[in-house]
Amino acid sequence: MKKSPLPLQSNCGPQKQVIGKEALVKLLRWHFGHSNFRGKQLDAIEAVLSGRDCFCLMPTGGGKSMCYQIPALAKPGIVLVVSPLIALMENQVSALKEKGIPAEFLSSTQTVQVKNKIYEDLESGKPAVRLLYVTPELIATSGFMSKLTKIHARGLLNLIAIDEAHCISTWGHDFRPSYRKLSSLRSHLSNIPVLALTATAVPKVQKDVIESLNLQSPLVLKSSFNRPNIYYEVRYKDLLDDPFDDVCKLLKSCGNVCAIIYCLERTMCDDLATHLTSSSISCAAYHAGLNSKMRSSVLDDWISSKTQVVVATVAFGMGIDRKDVRVVCHFNIPKSMEGFYQESGRAGRDQLPSRSVLYYGMDDRRKMEFILRNTKRNKDDSSSLQDKSSKKSLDDFNQMVEYCEGSGCRRKMILESFGEMVPASLCEKSCDVCKHPNLVTSYLEQLKTATAFRQRTGSSRIYMTSGSSFNAEGQMSEFWNRDDEASGSEEDISESDDALDAAKNVASSKISAKLKLQDKIDMLQRAEENYYQNKSRDKQVNKHDKNAIAETLREAGKQRLLNAIKQNQQLVSDSRIDVDKSAVSLENECYKKYGKSGKSFYLSQMASTARWLSTAGPTELVNKLGSSTPENVTFTPNCSPALSNPLVPVSPKANDEKVHDNAGSEDPIRSSASPLHGSASAELPPILSFSQFINSGKAKGNSASVSKRDSPDTGKKNLEKRMRSQ
Ligand SMILES: Nc1ncnc2c1ncn2[C@@H]1O[C@H](COP(=O)(O)OP(=O)(O)OP(=O)(O)O)[C@@H](O)[C@H]1O
Ligand SMILES: [Mg+2]
């Protein structure tokens, strides 16, 4: 619902004018319908309005957003909000727009037209926007920084709010390298107050945030971390017959309530979501393996109560504001208390009674310990730094283990981990230990017995045995986005880099320890032979590859999009849009993006596109489709990704181009129109395979020692085989 003009907007005079408490409360009531400020909100607002820096530590759901949203309404000008997640920005901006508050966000998900419109407004004499949300990656770009400097020079910048500020600290659980670049904000935009907000910062992180952001004599506001309306509980997987069923029963016993279930792995999310759905629980999976449209669709459905339960990796949630989440389950033990606090804190933001249930399993514990012990924080860090970082991660994790295996009050444990000393009586029986102490003690004893038994019988499952299990990207846990510093990428969800790296490192270190050089060479030679054998076999079976996307499927896809477009009268009647070409263009976009990832990705992308066509507003549609350049649309033929000789370096361009896989088709490098490509490839001598290379060395050194497999004859055969298979 749109509101009439802001009551204070025109009354605000010069920047220095002090806005009184009453006026601020009036703004709160008028725009947000809350009767009064909560906790330390007013202190933070008054501080930043008077031009002072502020560090604000409030519990999850404490109302931190209000600390920068009210200042944006109290003074003409712009409040810049730095936020780590595109989903989070989208959410807040649409909620503000609903209330008639001019807010925008800038991210890689928007069309150029939308971004240009925002920039035009910012450059106009009197920008309409009051709150501008951006990612830290965007701030780090020189283009955006120069725009910001100009806005500042025109006296239009009121406040810089850094939400989820703990992401700046390498000691924090969600460290984002791009956040570190925010330290330059101070030097570029002097005299603008900075407000740092977080719910989860241990004293060391608090100090780090204040120093990194270069806050000047900030007002430090800290509220208690206690969330009295959340009941904390741990369930022991090793003592349960079927943990999936237990989650199911738990959700059913709570009624059809809103819940989030966190899992470590994407596959686990999918499996558990399927199980719950088959038990008639309204639920969906959410993780970085889904494309961004699918993720938005799951998020939208959950926010609008179409689905009640989301089974997600930690990719879901930071700052997500659905007030009535009644249950947050951790199906696997989280890696730190900070992460656990933040995730479980998504329950009961409406202050009504809610539950946090953690499923603790010994295998999960071992698995997480393995990941943390072997995770490399940064490839360039020295080994002592790596060791320190790994030790810190393990220390953090041990707190979580203590939380699960300890027999003390859970709430007290959480609060003490944040440096808050409280008596156990504060809990008022709102954790399982305080409410059922005997039961929990008995569980812990049973757990000990079960663990000892497993150790004796060696029946513990082995999770990470070989490198091959790590090849499938996305199978591992996913932590927060650790963008490539140089890329300035603005992706909102990370690929699972940490754990994957860890696993790969371990796999390779195991190989190094085990194999001597000769073994390695033999292994590589065998791998090469297998590669060529498989490749020529693949050619025959390729047609039957169940993951391949056939032309008929693509045709059906185009037809589906065309139907979706035709159902939208807005599109059919708009002369700027060519419906046929738009369908072709959209299908091509889906194929180009997800074709290589396989059929299911392609289909899910098509489904989201069709969904978008039926729900998007007229401006969005015209922006996207009116500007498409269907003349330039080229079709990617039904093919597998370019697989030319792996030993020939392939130019990046060649990777982007489309390659026909049919016999007699041309290699894009050799068939390039460029004379350089043409003549160079004709003159190049054949490139030796790995075996040939090794053999030639051996032949030079000691021709007598050449094995049958390594004989020049075999080398020649290999080369012929290789040529045939291309
Ligand atoms: N003064 C207030 N009175 C009542 N409700 C409020 C008040 N301030 C904020 N809220 C509500 O509290 C909820 C949580 O607010 P918000 O999202 O700002 O929390 P947060 O501290 O940013 O949490 P998180 O750490 O999870 O991001 C929102 O639904 C908001 O509308
Ligand atoms: Mg928040």
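Reader: How many nonpolar, polar and charged residues make up the shell around ligand 1?

Author: Bear in mind that this is a predicted model. By class, the shell has 4 nonpolar, 9 polar and 6 charged residues.

Reader: Which residues come nearest to ligand 1?

Author: Gly 61, Lys 64, Ser 65, Lys 323 and Arg 349 come nearest, out of 19 residues around the ligand. Domain 1 (21–222) and domain 2 (230–378 + 386–457) each give at least three residues to that shell.

Reader: What makes the pair between Asn 36 and ligand 1 a polar contact?

Author: The cut-off for a pair of N or O atoms is 3.5 Å. A backbone N or O atom of Asn 36 sits 2.9 Å from a nitrogen atom of ligand 1, so the pair is within the limit. The side chain of Gln 41 also has an N or O atom 2.9 Å from a nitrogen atom of the ligand. For Gly 62, a polar backbone atom is 3.2 Å from an oxygen atom of ligand 1. Taken alone, ligand 1 exposes 640 Å², and the protein buries 89% of that.

Reader: Moving on to cysteines, how many disulfides are there?

Author: The count comes to 0 disulfides. Take Cys 283: the nearest cysteine sulfur, in Cys 248, is 9.3 Å away, and Cys 283 is in no disulfide.

Reader: Why is there no bond between the sulfur of Cys 409 and that of Cys 434?

Author: A disulfide needs the two sulfur atoms within 2.5 Å. The sulfur of Cys 434 is the closest cysteine sulfur to that of Cys 409, but the distance is 3.7 Å, so the pair is too far apart for a bond.

Reader: And why does Cys 409 count as buried?

Author: Buried means under 20% relative accessible area. Cys 409 has 9% relative accessibility, so the label fits. Cys 283, at 12%, counts as buried because of that same cut-off.

Reader: How do you know that helix α14 is largely enclosed by the rest of the structure?

Author: Count its residues. In α14 (residues 337–344), 8 of the 8 are buried, so the helix is largely enclosed. Among them are Met 337, Phe 340 and Tyr 341, along with Glu 338 and Glu 343.

Reader: Why is Gln 351 called partly exposed?

Author: Partly exposed is the band between under 20% (buried) and over 50% (exposed). Gln 351 has 42% relative accessibility, so it falls in that band. Gln 351 is in the loop between α14 and β13 (354–360). It has a positive phi of about 70 degrees, although it is not a glycine.

Reader: What makes Ser 217 exposed?

Author: Exposed means over 50%. Ser 217 has 58% relative accessibility, so it counts as exposed. Its place is in the loop between α10 (203–212) and β7 (219–222). Ser 217 is not a glycine, yet it has a positive phi of about 30 degrees.

Reader: Is Asn 214 buried, partly exposed or exposed, and why?

Author: Partly exposed, because its relative accessible area is 36%. Asn 214 lies in the loop between α10 and β7. Asp 53 is 161 residues away along the chain, but the C-alpha atoms of Asn 214 and Asp 53 are separated by 9.6 Å.

Reader: What about Ala 128, and why does it count as partly exposed?

Author: Ala 128 has 48% relative accessibility, so it has not passed the over 50% needed for exposed. Ala 128 lies in the loop between α5 (112–123) and β4 (131–134). From C-alpha to C-alpha, Ala 128 and Ala 103 are 8.7 Å apart in space, with their positions 25 residues apart in sequence.

How values were computed: Residues numbered from 1 in each chain as written. Chains lettered and ligands numbered in written order. Predicted model: local features only at pLDDT ≥ 70, side-chain atom pairs only at ≥ 80, totals over all residues. Heavy atoms only, no water. Near = heavy atom within 4 Å. Polar contact = N/O pair within 3.5 Å; in protein donor to acceptor, adjacent residues only side chain to side chain. Areas by Shrake-Rupley, 256 points an atom, 1.4 Å probe, with all protein chains shown as cover. Nonpolar A, V, L, I, M, F, W, Y, C, P; charged D, E, K, R; others polar. Domains from an automatic or database assignment. Buried < 20%, exposed > 50% of the residue type's maximum accessible area, 1.4 Å probe, protein only. Helix = DSSP H or I, 4+ residues; strand = E, 2+ residues; numbered from the N terminus.
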